[in-house]
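This report looks at side-chain rings, one pair of packed helices and a handful of single residues. Please keep the sequence and the structure at hand while reading.

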Amino acid sequence: MSKPNPSAARRSAARLAAVQALYSMEITGVSAIQALDEFRARMENEPRGKMAEPDVNLVALLVNGVSADCDGLDAQIAQGLSRDWTVDRLEAVLRAILRAGAFELKSRPQTPARVAITEYVDVAHAFYSGPEPGLVNAVMDKMARALRAAEFQGNGAPGNGA
């Protein structure tokens, strides 16, 4: 039985926190700086309980990275969607999840593609109990195969985490 990895738990918590900040930015129109300030204030004022403390640097990287390249990330996401769907038709939470996932696939090669897919599917499960996590899995898998083809060489299985 493997021991829990506190660094991995902090990264998972950071991905969830980044998605929450990105959602807040879209809904309220606040900037990345304001969203990160709100995140830090919540961190100081809310008891953590049993949840891992988010990796603050990863939250900032994801929020700032998505904010800086939103159009490019949306184009990447659009390639992973079926022809009937556009990024604009997605719910704001799904857009935030997929944008963060696309940024991580594009900009953080130290995160294996299958791990990134699993992480963002898990984030989707935190918000949805219907088909949305499956959509995240499918779109992330298509993006990963386009952005990180070498990681999928000789393996036809869909990305389901590692």
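The count of aromatic pairs in this predicted model comes to zero. A ring does take part in another kind of arrangement: the charged end of arginine 89 sits over the ring of tryptophan 85. The distance from that charged end to the ring centre is 4.0 Å.

**Helix 3 and helix 5**

Two packed helices are described by the angle between their axes and the distance between the axes. Helix 3 covers residues 56-68 and helix 5 covers residues 92-107. Their axes come within 9 Å and cross at roughly 100 degrees. Angles from 65 to 115 degrees count as roughly perpendicular, and helix 3 and helix 5 are therefore roughly perpendicular to each other.

Which residues of the two helices meet? From helix 3 they are Leu61, Leu62, Gly65 and Val66, and from helix 5 they are Arg99, Ala100, Phe103 and Glu104. Sorted by class, this contact has five nonpolar residues, one polar residue and two charged residues.

**Five single residues**

The table gives the place and the relative accessibility of five residues.

| Residue | Place | Relative accessibility |
|---|---|---|
| Arginine 10 | helix 1 | 35%, partly exposed |
| Alanine 18 | helix 1 (residues 6-28) | 0%, buried |
| Leucine 36 | helix 2 (residues 32-45) | 4%, buried |
| Threonine 111 | loop between helix 5 and helix 6 (113-127) | 6%, buried |
| Valine 139 | helix 7 (residues 132-147) | 2%, buried |

Helix 1 supplies two of these residues, arginine 10 and alanine 18. Is arginine 10 buried or partly exposed? Arginine 10 has a relative accessible area of 35%, and the range for partly exposed lies between 20% and 50%, so arginine 10 is partly exposed. Not counting residues up to four places away in sequence, arginine 10 touches Ala52, Glu53, Pro54, Asp55 and Val56. Its C-alpha atom is 18 Å from that of leucine 105, and the two residues are 95 residues apart along the chain.

Alanine 18 has a relative accessible area of 0% and is therefore buried. With neighbours within four places in sequence left aside, alanine 18 is in contact with Val59, Leu62 and Val63. Leu62 is also one of the helix 3 residues that meet helix 5. Another residue in that helix 3 group is Val66. From C-alpha to C-alpha, alanine 18 and valine 66 are 9.7 Å apart, with their positions 48 residues apart in sequence.

Leucine 36, in helix 2, has Val59, Ala60, Val63 and Asn64 as contacts, again leaving aside neighbours within four places in sequence. Val59 and Val63 are likewise among the contacts of alanine 18. Leucine 36 and leucine 105 are 69 residues apart in sequence, and their C-alpha atoms are 21 Å apart in space.

Which residues does threonine 111, placed in a loop, have in contact? Apart from neighbours within four places in sequence, they are Arg15, Glu104, Ala116 and Arg148. Glu104 also belongs to the helix 5 residues that meet helix 3.

Valine 139, in helix 7, counts as buried because its relative accessibility is 2%. Beyond four places in sequence, valine 139 is in contact with Ile77, Gly80, Leu81 and Leu98. The C-alpha atoms of valine 139 and valine 19 are separated by 16 Å, and these residues lie 120 residues apart along the chain.

Note on methods:
Residues are numbered from 1 along each chain as its sequence is written. This is a predicted model: local features need pLDDT of at least 70, side-chain atom pairs count only at pLDDT 80 or more; totals for chains, interfaces and linings use all residues. Side-chain values use heavy atoms; hydrogens and water are left out. Axes are lines fitted to C-alpha atoms, for helices over the stretch in contact, and angles run from 0 to 180 degrees between N-to-C directions. Angles under 35 degrees count as roughly parallel, over 145 as roughly antiparallel, 65 to 115 as roughly perpendicular and the rest as oblique. Contact means heavy atoms within 4.5 Å. Ala, Val, Leu, Ile, Met, Phe, Trp, Tyr, Cys and Pro count as nonpolar, Asp, Glu, Lys and Arg as charged, and the others, Gly among them, as polar. Buried means under 20% relative accessible area, exposed over 50%, partly exposed in between (1.4 Å probe, protein chains only). Rings of Phe, Tyr and Trp (its six-membered ring) pair if their centres lie within 6.5 Å; planes under 30 degrees apart count as stacked, over 60 as edge-to-face and the rest as tilted. A charge sits over a ring if NZ of Lys or CZ of Arg is within 6 Å of the ring centre and within 35 degrees of the ring normal.
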